Amino acid sequence: MGDGTPSEWDLHHGNPYSWPDVKKWTVMSTAFIVTFLVGLNATSITTASERISEEFNLNNGNIEYNFFAVTAWNAAAAFVPLFTLPLMDTYGVRWGYLALAKNFATLIVCRVIAGAVGGTLQNAADGIAANLFFHNHERVLPLTAYVFAMVFGVTIGPVFGAVVEPLNWRWIFWIQLIICGAFMPAVLFLVKETRGPVLYTKYFPEDSDNKEAPDSKKALEELYTTITRSAILLTTELTVSLFTLWSSFAFGLVFISTQSIPLVFGSTFGWEAYRSGLVQSAIGIGQIVGFGASLVQRRIYIQSAHRNDEKPGVPVPEAILHLSIPATPIALAGGLFMYGWSIYQPHWIVTAVGLALVGFASMVIINAASIYITDSYSDYAASAIAAVAFGENVFAAFLPLAAKPMYDRLGYDWASSLLGFIGVALTLAPVLLLFHGKRIRSKSTFKR
């Protein structure tokens, strides 16, 4: 193969950066579908909440105990990837791609396992994009598509559940099992290893033989460093802290809607719980529009490379924020206000439009936050994104548990308004970074 010099590896056909575009996008597209299916699995069970409560004799009060099946999924998806993703960085991503409940406790355990695996696969797609596309401007499109697959999957989950649930709530899982089983051959054949260091040792084994034998103690130290780095970024870096709150709130709203929509549409418009799951498609429609808007924002972002004095030829990180700033108070907060106060008019479509605005904003916000964090902490992008993903899954796991008590005590109008006011306040996060991002990044201890 040669002497394995860096210049030779840069041009080598085995280097993922040198792969043909068709091969790159085949791997990425497969990862997108896996991400969508994982999101579907996370929330599809919410539509069957009443049936699950009846079958397992759950005495739901202010707390919807049936939602613990979703909480378990997201909690596992928040914590387990902190360990598995660093291992995939070391040993490769392909291995990470190669769930019957007789009682409620068993169901929760199965959901924990599904969340642990699903959270790892979901977050791995972000790393695959970084492995395949070297330049920032190349990486924006796959990252945007990844974010869309993630948020659209968790949004359409209740819609899928609403369609299947009349058969029996267990069929929600059986049909997913059939779909995943049918898709498994595609994963096995189309998902190639994308980690450059792992492939390097394959093509240049003579270089690997000269290296020291793996030290288990050193490997554990590296794992500990990677995990603690995410925690340090989350707690000491203003950019990561603010954007985690901003993005996590937008992501958590999708999960809150799985609890609030049955309440609002059941009480106001007399819809049954499973029919309310269909309303979730309004958020999905908003996300589709948000995906199109993000592609327009992508062009503005790429064009900013011409005026980057800090790093000529590289897009300015703050350029990705232009659309998300007005989207936060107008679409996110405005949609929540419309969702809450439209209960005083007779037609459900107005309430659904409010949800569509929330969906639009969630797509735009999460996409902008992911790309900005990746650009600002390029050397530690995996740890920074892991910190944001941790926050998103924690919000998704526990925030919806407060939905029913909040909507019952404050009323549907003021509960949604409270969330809207929080959305308005969080607009300060991207505005602060838009005007002072360069100065804040220059003071970072993780400066590129």
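What follows is a short walk through one salt bridge, the residues around it, and three pairs of packed helices. Please keep in mind throughout that the model is predicted.

Let me begin with the salt bridge. When the whole structure is searched, 1 salt bridge turns up, and it is formed by the side chains of Arg441 and Glu318, with a nitrogen-to-oxygen distance of 2.9 Å. The two partners come from distant parts of the chain, 123 residues apart, since Arg441 belongs to helix H18, which covers residues 428-442, while Glu318 sits in the loop that joins helix H13 (273-303) to helix H14 (324-341). Are these two residues buried or exposed? Both Arg441 and Glu318 are buried, and for Glu318 we can give the figure, because its relative accessibility is 7%, which lies under the 20% limit for a buried residue.

If we set aside the neighbours of Glu318 within four places in sequence, then Glu318 is in contact with Tyr372, Leu433, Leu434, Gly437, Lys438 and Arg441. I would like to pick out Tyr372 from that list, and ask which residues it touches in turn. Not counting residues up to four places away in sequence, Tyr372 touches both members of the salt bridge, Glu318 and Arg441, and also Thr239, Phe243, Pro317, Ile320, Leu321, Leu433 and Gly437. Tyr372 is part of helix H15, which runs over residues 348-376, and it counts as buried because its relative accessibility is 0%. There is also a distance to Ala319 that you may wish to find on the screen: the C-alpha atoms of Tyr372 and Ala319 are separated by 8.8 Å, although the two residues are 53 apart along the chain.

From Tyr372 we can move to the packing of its helix. Two packed helices are described by the angle between their axes and by the distance between those axes. The axes of H15 and of helix H16, residues 381-398, come within 9 Å and cross at roughly 150°, and H15 is therefore roughly antiparallel to H16. The crossing of these two helices, H15 and H16, is right-handed. On the H15 side the contact involves Ile366, Ser370, Ile373 and Thr374, which meet Ala381, Ala384, Ile385, Val388 and Glu392 in H16, and the residues of this contact divide into 6 nonpolar, 2 polar and 1 charged.

The second pair brings in helix H12, residues 238-269, whose axis comes within 12 Å of that of H14, the two crossing at roughly 15°. That angle is the reason why H12 is described as roughly parallel to H14, and the crossing of H12 and H14 is left-handed. Here Trp246, Phe249, Leu253, Ser260, Ile261, Val264 and Phe265 in H12 meet Ser324, Thr328, Leu332, Leu336 and Tyr339 in H14, a contact whose residues divide into 9 nonpolar, 3 polar and no charged.

The last pair keeps us with H12, and the question is at what angle helix H7, residues 136-164, packs against it. The angle between H7 and H12 is about 5°, with the axes 10 Å apart, and the two helices, H7 and H12, are therefore roughly parallel to each other. Met150, Val151, Val154, Thr155 and Pro158 in H7 meet Phe251, Val254, Phe255 and Thr258 in H12, and the residues of this contact divide into 7 nonpolar, 2 polar and no charged.

Note on methods: Residues numbered from 1 in each chain as written. Predicted model: local features only at pLDDT ≥ 70, side-chain atom pairs only at ≥ 80, totals over all residues. Heavy atoms only, no water. Salt bridge = Lys/Arg side-chain N within 4 Å of Asp/Glu carboxyl O. Helix = DSSP H or I, 4+ residues; strand = E, 2+ residues; numbered from the N terminus. Buried < 20%, exposed > 50% of the residue type's maximum accessible area, 1.4 Å probe, protein only. Contact = heavy atoms within 4.5 Å. Axes fitted to C-alpha atoms, helices over the stretch in contact; angles between N-to-C directions. Parallel < 35°, antiparallel > 145°, perpendicular 65-115°, else oblique. Left-handed = near helix turned anticlockwise from the far one by under 90°. Nonpolar A, V, L, I, M, F, W, Y, C, P; charged D, E, K, R; others polar.
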